[in-house]
Amino acid sequence: MRHPSYDLVVIGSGPAGQKAALSAAKLGKRVAVVEREHQVGGVCIHTGTIPSKAIREAVLHLTGLRERSVYGDGYAVKQRITMQDLLYRCRHVVRTEVDVIRSQMARNNVTMFFGDAMFVDAHTVRVIRDDEATELKAQHVLIAVGTEPARPPSVPFVPGRVIDSNELLDLSELPRSIIIVGGGVIGTEYACMLAAVGVRVTLVESRPRLLEFVDDEIAESLQFRMRDMGVRLRVGESVAKIELANDGLAVEATLESNKSLRAETLLYTIGRQGATERINLAAAGLAADQRGRLKVNECYQTDVPHIYAAGDVIGFPALAATSMEQGRLASGHMFQQLAEPASPLFPYGIYTIPEISMVGQSEQALTKDGTRYEVGIARYRETARGLLIADPNGLLKLLFHPESRRLLGVHVIGTGATELIHIGQTVMAAGLPLDYFVESVFNYPTLAECYKVAALDGINRTKPHRASQPAPAVENKAA
Ligand SMILES: Cc1cc2nc3c(=O)[nH]c(=O)nc-3n(C[C@H](O)[C@H](O)[C@H](O)COP(=O)(O)OP(=O)(O)OC[C@H]3O[C@@H](n4cnc5c(N)ncnc54)[C@H](O)[C@@H]3O)c2cc1C
């Protein structure tokens, strides 16, 4: 058993762990990262963000979905799409990303240990691999172990039949029908992808609508589009019982309302659990909450000041980009590097079909707060680019204060939403008024013009209408 010592030992090589390790290494610190899987990258690269987005790209390409409003409903690049078709692109991207991370770690002299990490005491981390154990002495520790899908005992998980989101990637064939339990981000994204390739999808969500944190109008638009793609939505319904049927060849879900649903496969996506159970937190003087998550202060320190935690294990917002930033900030704090606190203005990207993105407040949040706001809307079809890419239903919505005209929120549904949002994010962060969009010149033809169209629409809505005269015409074209 060796006892090498490090300035920082990071547990977990996902986005939070990577960025913390690299930032510390760049300061000349001795850094080790422990990873229990055989490859670096975390959930982000192997089972979460990258695989699901690679599958989505494959779905969009192979189904020709984006082109159908131009070439007709029968248009497709490939007629019978298989699971192998969907995973082909995924394997290539994962391999490349792993190589990039591995070489970044090596270039920055970060030492990698592969094995299960657990605390021996607050300054010692044991790494166990097969029968071998190595103990690492650490001046600081960052816990970046992420989360795992929750697997409640009441759900009879069976490979291929009743599965979690990790196991979806192990399917050898696409099922003909699927029940997805949970209308959060993961459940809703997979519902769209599977419906697009012809799987009969039923999505069950106990809340009155999908994606409760998304602006009402955007979520309603998504639900309409999903139904149009053939997804059966069972919102406001909870699953009471899940059991195998037809000699294990099918699965049946009984709802609280006594409805019964049957499909070839059931994907359970409710809840994720912090992966802290096996790291012996008690030996370090720490404890997790019921969902395995750790509490940290604004500098990402746990109750034991030299032990930090970042990424999904600390809970909301549980995104790859915010995890990276938290890792970087935690590292900066432990080695006394002054760093700005993370901006609360982070964007949210949801890769449904169509995709959704948002930054700032939603209409319902502003209404609840009693904040006065006005709305400006642009539909993609009002821009030449929207027509060129055949996405007439895309929509960009600006929420702004009617007097100061400062932006309060930006919401987009449609092609490129997750890229388009960053313009709004930048304008909000700079504190610029809506007039910025009106006065700026945007490339033509682009979807960015939607900002100008929406700003003009919003400004027109703030103009008082005179009773004796007709209301001024809404100038709703950017050109
Ligand atoms: C299906 C799905 C889709 C997603 N899509 C998106 C998306 O589109 N955009 C987005 O921003 N986010 C997305 N996410 C979320 C994103 O993947 C996470 O926010 C991100 O991976 C969290 O990073 P992390 O560093 O906290 O941990 P993780 O990426 O979870 O990595 C944690 C690492 O710690 C390791 N580990 C755990 N315990 C130990 C131990 N005891 N010893 C050693 N190593 C250990 C694990 O093996 C893992 O490699 C998605 C997640 C899922 C599940």
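Which side chains meet in a salt bridge at 3.6 Å, N to O? I began with this query on the predicted model. The two partners are Lys-295 and Asp-303. I then looked up their accessibility and found Lys-295 exposed, with Asp-303 exposed as well.

**Entry: salt bridges**

I took the total next; the structure holds 25 salt bridges. I examined a few of them individually.

I looked up the pair Asp-116 and Arg-278, whose side chains meet in a salt bridge with an N to O distance of 3.7 Å. Asp-116 belongs to strand E4, whereas Arg-278 sits in the loop between strand E16 (272–274) and strand E17 (307–309), so this salt bridge ties together parts that are 162 residues apart in sequence. I noted the accessibility of each partner. Asp-116 has a relative accessibility of 27% and counts as partly exposed. Arg-278 also counts as partly exposed, at 47%, because the range for that class runs from 20% to 50%.

I turned to Arg-176 and Glu-264, whose side chains form a salt bridge at 3.0 Å, N to O. Arg-176 is placed in the loop between helix H6 (165–168) and strand E9 (177–181), and Glu-264 in the loop between strand E14 (260–263) and strand E15 (265–268); the pair therefore ties together parts that are 88 residues apart in sequence. Arg-176 is exposed, and I recorded a relative accessible area of 60% for this residue.

I also searched for salt bridges that share partners. One network of this kind joins Asp-215, Glu-217, Glu-363 and Lys-397.

**Entry: the ligand and its shell**

Which residues come nearest to the ligand? I found 34 residues around the ligand, and the nearest of them are Glu-35, Thr-49, Lys-53, Asp-312 and Ala-320. I sorted the shell by residue class and obtained 15 nonpolar, 12 polar and 7 charged residues.

I then asked which helices and strands each supply at least two residues of the shell. The helices are H1 (15–26), H2 (42–46), H3 (49–63) and H9 (320–334). The strands are E2 (31–35) and E4 (116–121). Strand E4 is also where Asp-116, the salt-bridge partner of Arg-278, is located.

I listed three polar contacts to oxygen atoms of the ligand. In the side chain of Lys-53, an N or O atom is 2.8 Å from a ligand oxygen. Val-43 contributes a backbone N or O atom at 3.0 Å from an oxygen atom of the ligand. Ala-320 likewise places a backbone N or O atom 2.9 Å from a ligand oxygen. I checked how far the protein covers the ligand: taken alone, the ligand exposes 1,000 Å², and the protein buries 94% of that.

**Entry: a nonpolar surface patch**

I looked for nonpolar side chains grouped on the surface. Val-70, Tyr-71, Tyr-75 and Val-77 form such a patch, and together they have about 400 Å² of accessible area. I followed Val-77 further, to the loop between helix H4 (68–71) and helix H5 (83–107). Val-77 is partly exposed, with a relative accessible area of 46%. This value is compatible with a place in the patch because patch residues need over 30% relative accessible area.

**Entry: a buried aspartate**

Is Asp-457 buried or exposed? I found Asp-457 buried, at a relative accessible area of 7%. This residue belongs to helix H14 (residues 449–462). I looked for a polar partner: a polar atom of the Asp-457 side chain lies 2.7 Å from the backbone nitrogen of Ile-377.

**Entry: backbone geometry**

I looked up cis peptide bonds. One joins Phe-316 and Pro-317, with omega at about 5°; Pro-317 is in the loop between E17 and H9. Another joins Ile-353 and Pro-354, again with omega at about 5°. I located Pro-354 in the loop between strand E18 (348–350) and strand E19 (356–360).

I also looked up positive phi values in residues other than glycine. Tyr-300 has a phi of about 70° and lies in the loop between E16 and E17. I recorded Tyr-300 as buried, with a relative accessible area of 12%. Gln-336 has a positive phi near 55° and is found in the loop between H9 and E18. Gln-336 counts as exposed, at 66% relative accessibility.

Technical notes. Residues numbered from 1 in each chain as written. Predicted model: local features only at pLDDT ≥ 70, side-chain atom pairs only at ≥ 80, totals over all residues. Heavy atoms only, no water. Patch = residues over 30% accessible without salt bridge, like charges linked within 9 Å, V, L, I, M, F, W, Y side chains within 5 Å. Areas by Shrake-Rupley, 256 points an atom, 1.4 Å probe, with all protein chains shown as cover. Salt bridge = Lys/Arg side-chain N within 4 Å of Asp/Glu carboxyl O. Helix = DSSP H or I, 4+ residues; strand = E, 2+ residues; numbered from the N terminus. Buried < 20%, exposed > 50% of the residue type's maximum accessible area, 1.4 Å probe, protein only. Near = heavy atom within 4 Å. Polar contact = N/O pair within 3.5 Å; in protein donor to acceptor, adjacent residues only side chain to side chain. Nonpolar A, V, L, I, M, F, W, Y, C, P; charged D, E, K, R; others polar.
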